[in-house]
Amino acid sequence: MGMSGTPRPVIEVSGIRKTYGRTVAVSEVSFEVSEGEIFGLIGPNGAGKTTTMECVEGVRRPDRGRISILGLDPFRDVYRLQNRIGVQLQQAQLQKRIKVWEAVDLWASLYTKTVDAGRLVEQLGLSGKRNAWFMTLSGGQKQRLFIALALINDPEVVFLDELTTGLDPQSRRAIWELVRGIRDRGKTVFMTTHLMEEAERLCDRVAIIEHGKIIEIGTPGDLVRRHCPERTVLLATGDALAEERLRTIPSVESVTRTDSQFTLHGKGEDFVTEVIQCLSENRIRVTDFRTVLPNLEDVFLKLTGRSIRD
Amino acid sequence: MLRGLWKLTWLEIKIFLREPMGAFGSILLPVLVFVLVGRFMGGRLPRSSAPAIGFLRVGLPVFASVMIALSGVLSLVTIISIYREGGILRRLRATPLRPQTILAAHVLVKLALTLATMALMVLAGKRYYPIKMDVPVFGFAMALLISTWSVLSIGFLIASIVPTARFAQPIGGAILYPMVALCGLFVPLESLPPALHAVARVLPLTYAVSLLQGIWMGEAWSAHMGDVLALVLVFAICTALSAKVFRWE
């Protein structure tokens, strides 16, 4: 993963603020992105993800605050920076009748250093579409082309904004695989998403942003442990003594039962292990056993009091 | 600074020709109209009046050229606004491409198409036009390029700020068509009321028409340096302004 020793920060953002008219898009946003990690800015639509990302890319200038990326000031050094970063934008389009190879060829001509365009097109599974017009590509193919364009200059940092929005689950998984591949080649990935599953599967670290403010930063696992220690076990058993035995487990907080179906709530890392130990020590025969673990979606709900899907 | 200019220009020409009606509407149609109107009037030539012959000799060719230039401007305004609305400009912004390069590429595309249309008109004119003329083709092509280039910079300024494609055509038309009416092609400048005459004097198309007519009729370039100067001035002002007000989205 290219993360030997202490990873140095590739992006440093401190206290940026950006307003559009009277609307405050982001305020007091600070975070760091380390070399070789996939860093995700997550939050609902309109939370300030894209604005923050565009400030780091040098496309927008924050009203206040400081940003350093690869040691450069993104706004002042935007043209030098563009040679070293790759960008995929939300809701971008290309000319309807531009061919896939023409787009890649044009992009390749814009940078001083480029990777092999043919290989890149092949790696992204677009070889069969080389001569297809942009307008005839599917959503997934368009996104793969945009990833190819973002990678053409062999960038050190890759920006991916809402990469899989609007894609079907299968294309989404394929794209995730591609993004992991980018990181495994030693590049730093800075992405935004409003899909918590995507963040959880893909990101090494996430920052949760809401109403233009960052409310939490950490690894997905850390955030879940810290904010949602609750665990649930669902099991089914016909054993008459089961309820009594299960109640003796120290980490169990509640046991509810409907016929042979039990729902156990508890907290902490050891909860599931203790339930399994209890079942085995008492030779309780179960016909079903499931765990329900909280995820980033629950963390978001806990922190903001509302669901990210609202 | 102009990295990617030639590639983008060539690409935009190809993309334009792939549009349904792209080649036909912008290159063949003007030539067809020019030839048909010429033949229609030419067929009645023996009974035609002197003004009609004058129109055929100078008015129609110059008018056709001006219309080609204007259709190029309108098409430029439309394309840039479609690119802006569709997020294509947004995507290009995140590359080392500069706005000037994108604009320059589109101007070059329109100039190339104007030149191609012009060449076809000369060929078609030699074969089908009712009046045989001895015209300085090279000089006229130069005059047309300078005029188109200057008028395109107005298009560029409009394209820099027009918010959506839906407004592009009407706004472009509202600015350009009054210029056509006052440019001296239909009504001689001297017979305009003083107020309109003053307006016509500040419209760039007036100078374009004066230059085109003059060169078409075989006058010397030295007699039209004022026109050239005015057109270059218009180009300089519009380019400087559009670089200031250019909107990516």
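**Questions on a predicted two-chain model**

Mentor: Just after α10(A), Arg283(A) takes a positive phi of about 50°. The model under discussion is a predicted one.

Trainee: Which residues of helix α10 of chain A are buried, and what makes them so?

Mentor: The helix covers residues 271–281, and Phe271(A), Val275(A) and Leu279(A) are its buried residues. The term requires 20 or more other C-beta atoms within 10 Å of a residue's own, and therefore each of these three reaches that count.

Trainee: Why are the buried residues of α10(A) said to line one face of the helix?

Mentor: Viewed down the axis of α10(A), the buried residues fall within an arc of 75°, so they line one face. An α-helix has 3.6 residues a turn, so residues three or four places apart point the same way. On the other side of α10(A), Thr273(A), Gln277(A), Ser280(A) and Glu281(A) are exposed. Exposure requires 12 or fewer such C-beta atoms, so these four residues lie at or below that limit.

Trainee: What covers the buried residues of α10(A)?

Mentor: The cover includes β10 (230–237), β12 (261–267) and β13 (286–292) of chain A. The helix α10(A) lies across these three strands and runs at about 25° to β10(A).

Trainee: How do you know that β10(A) and β12(A) are paired?

Mentor: Pairing requires at least two bridges, and 7 bridges join β10(A) to β12(A), so the condition is met. The two strands run antiparallel. In this region, Thr232(A) stands opposite His265(A) in β12(A).

Trainee: In what order do the strands of this open sheet stand, and which of them are at the edges?

Mentor: The 4 strands follow the order β11-β12-β10-β13 in chain A, with antiparallel pairing. At the edges stand β11 (252–258) and β13 of chain A; each has a single partner strand, so one side of each lacks a neighbour in the sheet. From one strand to the next the twist averages 15°.

Trainee: What makes the pairing of the sheet of 6 strands in chain A either uniform or mixed?

Mentor: The order is β5-β6-β7-β3-β8-β9, and the pairing is mixed. Its edge strands are β5 (85–88) and β9 (213–218) of chain A, each with a single partner strand, so one side of each has no neighbour in the sheet. Direction ignored, neighbouring strands are turned by 15° against each other on average. Among the parallel pairs is that of β6 (residues 157–161) and β7 (residues 188–193) of chain A, with 5 bridges. Within this pair, Val158(A) stands opposite Val189(A) in β7(A). Helix α1 (residues 49–57) of chain A packs on the sheet and touches β3 (38–42), β5, β6, β7 and β8 (205–210) of chain A; its direction makes about 155° with that of β7(A). A further parallel pair is β3(A) with β8(A), joined by 4 bridges; there, Phe39(A) stands opposite Arg205(A) in β8(A). By contrast, β8(A) and β9(A) pair in the antiparallel sense over 5 bridges. The parallel and antiparallel pairs together illustrate the mixed pairing.

Trainee: How many residues lie between β8(A) and β9(A) in their hairpin?

Mentor: The hairpin has 2 residues between the strands, and His211(A) in the turn has a positive phi of about 50°. In β9(A), Gly218(A) is the bridge partner of Val206(A).

Trainee: Which members of the largest nonpolar core touch the most other members?

Mentor: Ala103(A), Ala148(A) and Phe190(A) do, in a core of 141 residues. Beyond four places in sequence, Ala103(A) is in contact with Leu94(A), Ile98(A), Phe134(A), Leu145(A) and Leu149(A). A contact requires C-beta atoms within 7 Å, so each of these five satisfies that distance to Ala103(A). Another core lies apart from the largest one; its 9 residues include Val233(A), Leu235(A), Leu246(A) and Phe271(A).

Trainee: How many residues does each chain give to the contact between chain A and chain B?

Mentor: Chain A gives 20 residues and chain B gives 18. On the side of chain A, α2 (78–82) and α3 (100–110) are the elements that give two or more residues. The largest share, 5 residues, comes from α3(A). By type, the residues on this side divide into 11 nonpolar, 6 polar and 3 charged.

Key. Residues are numbered from 1 along each chain as its sequence is written. Chains are lettered from A and ligands numbered from 1 in the order in which they are written. This is a predicted model: local features need pLDDT of at least 70, side-chain atom pairs count only at pLDDT 80 or more; totals for chains, interfaces and linings use all residues. A nonpolar core is a set of buried Ala, Val, Leu, Ile, Met, Phe, Trp, Tyr and Cys residues joined through C-beta atoms within 7 Å. Two residues are in contact if their C-beta atoms, placed from the backbone, lie within 7 Å. Axes are lines fitted to C-alpha atoms, for helices over the stretch in contact, and angles run from 0 to 180 degrees between N-to-C directions. Ala, Val, Leu, Ile, Met, Phe, Trp, Tyr, Cys and Pro count as nonpolar, Asp, Glu, Lys and Arg as charged, and the others, Gly among them, as polar. The arc is that of the directions from the helix axis to the C-beta atoms.
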